[in-house]
Amino acid sequence: MGDKRNRAGHGADMTITRRGALLGAGAIAAWASSPARALLAAADTMATPAAVAALVGRMTLEEKAGQLTLNAAAWSGGVATGLNPPAAGGVSFDQQLADAVAGKLTGVFNGNGAEMARRMQGAVMKGSRLKIPLIFAADVIHGHRTIFPVPVAEAASFEPSLAERTARVAAYEAAAAGIDWTFFPMVDIARDQRWGRTMEGAGEDVLVGNLFAAARVRGFQGQDLMANDAMMACVKHFAAYGAVESGLDYNEVDLSERTLRDVYLPPYKAGFDAGALSGMASFNEISGIPSHGNPWLLQTVLRDEWKFPGIIVSDYTGDEEMIAAGFAKDGRDAARIAFLAGVDMCMQSNLYMQHLPGLVRDGLVPQEVLDRSVRRVLVVKHRLGLFDDPFRRIDVKREKARSRTKTSLALAREAGRKSIVLLKNDGDLLPLPKAGRRLALIGPFASGQHDLNGPWVVYGDNKQAVDLATGLRAAMADPSLLSVTAGSGVEEALPGGIDAAVAAAKAADIVLLAIGESESMSGEAQSRTEIVVPAPQQALAEAVAATGKPMVVILKNGRGLALHGAVRDAPAILMTWFLGSESGHATADVLFGDYSPSARLPISLPYESGQEPYHYDHKATGRPAPAGPRQPYKTQYREAPNAALYPFGHGLTYGRVDYSGLTLGGPTLPWDGMIEVAATVRNSGTRAIEEVVQLYIRDRVASITRPIRQLKGFRKVALAPGASETVRFTLRRSDLLFYGVDNQPTVEPGTFDLWIAPSAQADGVHGTFDLTQA
């Protein structure tokens, strides 16, 4: 199979040909004479302590393979077991402990807290030959014990500093439980809302993705990676996992290199540039080559171009999955391909432990390449302070003391309310009065401690989270004025449910309809063909709306949804995502006006599921559909416009915001200069608000056609009632770069449109400038 691929390889397939040169008994000679060997030292840019270098020299091949082997903890239980099931037949904790002492493991992930870590680390430091400390990892995605909003919700805050703060608290809690390393942030750009893992990232925009990637890395790693409240971040999934075809998880990705570099790669680089010392290869292939076996991606781009010094870990059995994908013959072949491509550490498949020693002995993997990866792993452990103190993050008392503190829960509430997007508020139905009105809370998410934390929570507990009914009652002057009715299940009707809901609505002054997705409908392996409210809930909405009572829709979701019928037509719609530990309190803060909603959509909500993939910064095409009456033979669907129902950047406040007075520092942007642009933003309402002011541009004419708009900056400004502020942005030539015909960054003189606006589809204020070349 490898020979067939090599004979077909031309141009972009040169990396496969280079990989083919390492096949067979002459691999060592081929490696020694290849340009890749000359790059070996340059790619290994972390300083190696003398003790680490000496340690590598003392290790057997099996011990080296062990340092590149990471497995799910045998002592885990609960959610962790379900998320990361053990290998067939399982392994006992005693057996895993013996493997660790024998040097067959570098560490484990998603284990059972500080006590487990203490027992494992103690056994290794006492009984192993080389006394190399274990590393403990976990999926700390949006909180450890205190759970924060799912990452895409937090991105809706348009406040990267908030993400940095929540990551800092997550590290503070998790590090106390003995965890050195988190498999986060996920920075995949997601432009197809059918993909379930949309909830893990920062949405569809490159700039927002870059800023949140860097912020989360800084939050987890802190000021000092050796501190006992810091943990190593892992930028994932490298690369372009969010571009899977049809939004189907694990599916193929087929992109041009230009789109890969322009759209999908920048957030990874932002995370690595912020100091992340680990990355994770992605499950998907790119243009026929699995990421786990792609030396162009893992070596040429990551090591040679970006000078990344850290470690790359496989995703869960990702190396082994190249067999089913038809890229590797068997486990030995998969281990060889992944390792030579640049995957330093093997997660869960055990292929490196099983095959790397033999591959080195047989001359199919150069020992110096093996030593390089081992050295990287040991240097990372050194940077984490594990050689200095293997128990620095392992403390049972500290684990309990740092868990769910008042400060942490207060931040969860703040993050929750800053993540809620007010999509619609006709007639100023919101905010609600706290007294004097009978409220009917209806829907499968009205009450009960379920579906609150959201997907990808290993250590949090929904039973400790605040549900919506509890949050509302705590805020109301007279909690007896709130009735609670389920009405339907999430994906099934309830006998008599709609009749009970209609009766409750008729008895109330205002209806609050809590509907949407359950936790199990979003996240990994939860792709959807129709991103709509499930049919039983839609039927519930239609019946309740028919009562004629004012209705507020409270959406629970992990992705963008296509809203229809009574849900879309409701006078008020709140997108509340999965908000975590303080879900009910945070939602009540917004509903009753204790906090004016300030979040904005980091994704586009389409009119119909069939528009996916959809993103605001699409191309115009040669036949754009003009505003006004529908015209034939234009870029449009029969059933919907080529636009979003609710666009990226959209979100209302409880104020009245006006944009006016665009000013430019001149009609031109000099080639090596800058231009200041500004607009006046005024709150003519009666409530204090925060407005997210957004700067967009369009390059009118270029050698590569450009999107209709691109976000180039945003500012969140606080405005008292009647107050105004002049919001200023600065643009430089570097802000206008794109990847040109040669796949290199370029920019060209010409005319640019510019908007300062409240969303990607809003006019706001509009002007033009010219980039001039001296």
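In this predicted model, the second largest pocket encloses about 680 Å³ of space. Its lining is made up of 25 residues, of which His618, Ala625, Ala627, Asn642 and Ile708 are the closest to the centre. Sorted by class, the lining of the second largest pocket comprises 13 nonpolar, seven polar and five charged residues.

The largest pocket has a volume of about 1,300 Å³, and 50 residues line it, with Val206, Arg261, Asp262, Val263 and Pro266 the closest to its centre. Two or more lining residues are given to the largest pocket by each of the helices α13 (206-221), α14 (257-264) and α15 (266-273), and likewise by the strands β23 (710-719) and β25 (738-739). Among these elements, α14 gives the most to the lining, with six residues. The class composition of the lining of the largest pocket is 22 nonpolar, ten polar and 18 charged residues.

Apart from the pockets, helix α18, which spans residues 331-341, was examined for burial and for its two ends. The helix is mostly covered, ten of its eleven residues being buried; these are Gly331, Asp333, Ala334, Ala335, Arg336, Ile337, Ala338, Phe339, Leu340 and Ala341, a set that includes the charged side chains of Asp333 and Arg336. At the start of α18, a side-chain oxygen of Asp330 lies within 3.3 Å of the backbone nitrogen of Arg332, whereas just after the helix Gly342 adopts a positive phi of about 130 degrees.

Conventions
Residues are numbered from 1 along each chain as its sequence is written. This is a predicted model: local features need pLDDT of at least 70, side-chain atom pairs count only at pLDDT 80 or more; totals for chains, interfaces and linings use all residues. Side-chain values use heavy atoms; hydrogens and water are left out. On a 1 Å grid over the protein atoms alone, a cavity is a set of points where a 1.4 Å probe fits but cannot get out, and a pocket is an open set with protein on both sides within 12 Å along at least five of seven lines; lining residues have an atom within 4 Å of a point. Grid points are joined across faces, edges and corners, and a volume is the space filled by probe spheres set on the points. Helices (H or I, at least four residues) and strands (E, at least two) are DSSP runs, numbered from the N terminus. Buried means under 20% relative accessible area, exposed over 50%, partly exposed in between (1.4 Å probe, protein chains only). A polar contact is a pair of N or O atoms within 3.5 Å; within protein, one must be able to donate a hydrogen and the other to accept it, and residues adjacent in sequence count only if both atoms are side-chain atoms.
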